[in-house]
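Let's take a walk through this model together, going from paired charges to packed interiors and bent helices. Have the structure open and follow along.

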Amino acid sequence: SVREIAQAANQRNLGVVAYYFGTKERLISEILIDGAERIETLRAGFLVDLESNGGPATIRHAVEAIVLPSAWFSDTDDLYGSYFNRFLAQLSFSSGELIDTTLEGRWNGGYQRCLTHLRRLLSNLSRVEQSRRFVFLGTYVSALLAQREFMLADHARAHPTWRSDAMLQDIVRTATALLTAPNSDDRNGIT
């Protein structure tokens, strides 16, 4: 609530959110843009490297371009990154449309480039199947990165599993498997 936001900001004036942002939704949009802009900067650099070499050449490389910049942001930006993946995951469950309208066309260009590459690399799937898999991918990656961020924010324990590079690579590997699972016409004994 606006009251909780003002209290968390150590503000006695409950109108502080309205004064600076107009509405609670506008405040949420500003937080969303701020974090997305930082991730997009990391993702753009990652994609430039891949694309300058003709890639991404594999589905895994395209998935890395989605996962790794978000994880790096969480790991390296103490001010914003320490909570942003959790904020984004929670917001996606309650206000997915707000995310889409806030980021569309400006703050998610790198993510959209990744999806374009994935569409090319997943040409064996119909566009509808690709879109479904992308919904699964977004939810899966968002939830795992939020959980990783939560565990890393707990300074009472070391959490070596969540801190390891192997964990990030497993997230990439399993997300890639989600995308490359047999399509509905190729069950291979799967019912």
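A good place to begin is a salt bridge between the side chains of Arg26 and Glu30, with N and O 2.3 Å apart. Please keep in mind throughout that this is a predicted model. Arg26 and Glu30 are four residues apart in helix 3, so about one helical turn separates them. Arg26 is partly exposed, at a relative accessible area of 38%, and Glu30 is also partly exposed, at 30%.

Helix 9 offers another pair of this kind. Here Asp170 forms a salt bridge with Arg173, and their closest N and O atoms are 2.6 Å apart. The two residues are three apart in helix 9, about one turn of the helix. With relative accessibilities of 36% for Asp170 and 40% for Arg173, each counts as partly exposed.

Now for a pair with a longer reach along the chain. Arg38 and Asp77 meet through their side chains in a salt bridge of 3.2 Å, N to O. This pair links distant parts of the chain, 39 residues apart: Arg38 belongs to helix 3, while Asp77 sits in the loop between helix 4 and helix 5. Arg38 is partly exposed at 28% relative accessibility, whereas Asp77, at 18%, falls under the 20% limit and so counts as buried. Salt bridges with shared partners also join Asp34, Arg38 and Asp77 into one network. In the whole structure, a search finds nine salt bridges.

Let's turn to the interior. Which residues touch the most other members of the largest nonpolar core? They are Val63, Val67, Leu118 and Leu179, within a core of 29 residues. Two or more residues come from each of helix 3, helix 4, helix 6 (109-121), helix 7 and helix 9 (165-180). Helix 4 gives the most, with eight residues.

Helix 4 deserves a closer look. Because 13 of its 18 residues are buried, the rest of the structure largely encloses helix 4. At 1.5 Å a residue helix 4 should span 26 Å, and its end C-alpha atoms are indeed 26 Å apart. Even so, there is a kink of about 30 degrees at Ala65, shortly before the proline Pro69.

Follow Leu179 next. Setting aside residues up to four places away in sequence, Leu179 touches Ile59, Val63, Leu118, Leu122, Leu125, Arg133, Phe134 and Leu137. One of these contacts, Arg133, is in helix 7. Arg133 is buried yet has no salt bridge, and the nearest side chain of opposite charge, Glu129, lies 5.5 Å away. Beyond its neighbours within four places in sequence, Arg133 has contacts that include Leu125, Leu178, Thr180 and Pro182.

Our last stop is helix 5 (residues 84-103). How far apart are the end C-alpha atoms of helix 5? They span only 14 Å, whereas a straight helix of 20 residues would span 28 Å. Helix 5 also has a kink of about 110 degrees, centred on Ser95. Among the buried residues of helix 5 are Phe84, Phe87, Leu91, Leu98 and Leu103. The buried residues of this helix pack against helix 3 (24-52), helix 4 (59-76) and helix 7 (127-153). Just after helix 5, Gly105 takes a positive phi of about 80 degrees.

Key: Residues numbered from 1 in each chain as written. Predicted model: local features only at pLDDT ≥ 70, side-chain atom pairs only at ≥ 80, totals over all residues. Heavy atoms only, no water. Expected span 1.5 Å × (residues − 1). Bend = angle between axes of the 7 residues up to and from the residue. Buried < 20%, exposed > 50% of the residue type's maximum accessible area, 1.4 Å probe, protein only. Contact = heavy atoms within 4.5 Å. Lys, Arg positive; Asp, Glu negative; His and termini not counted. Salt bridge = Lys/Arg side-chain N within 4 Å of Asp/Glu carboxyl O. Core = buried A, V, L, I, M, F, W, Y, C linked by side-chain atoms within 4.5 Å.
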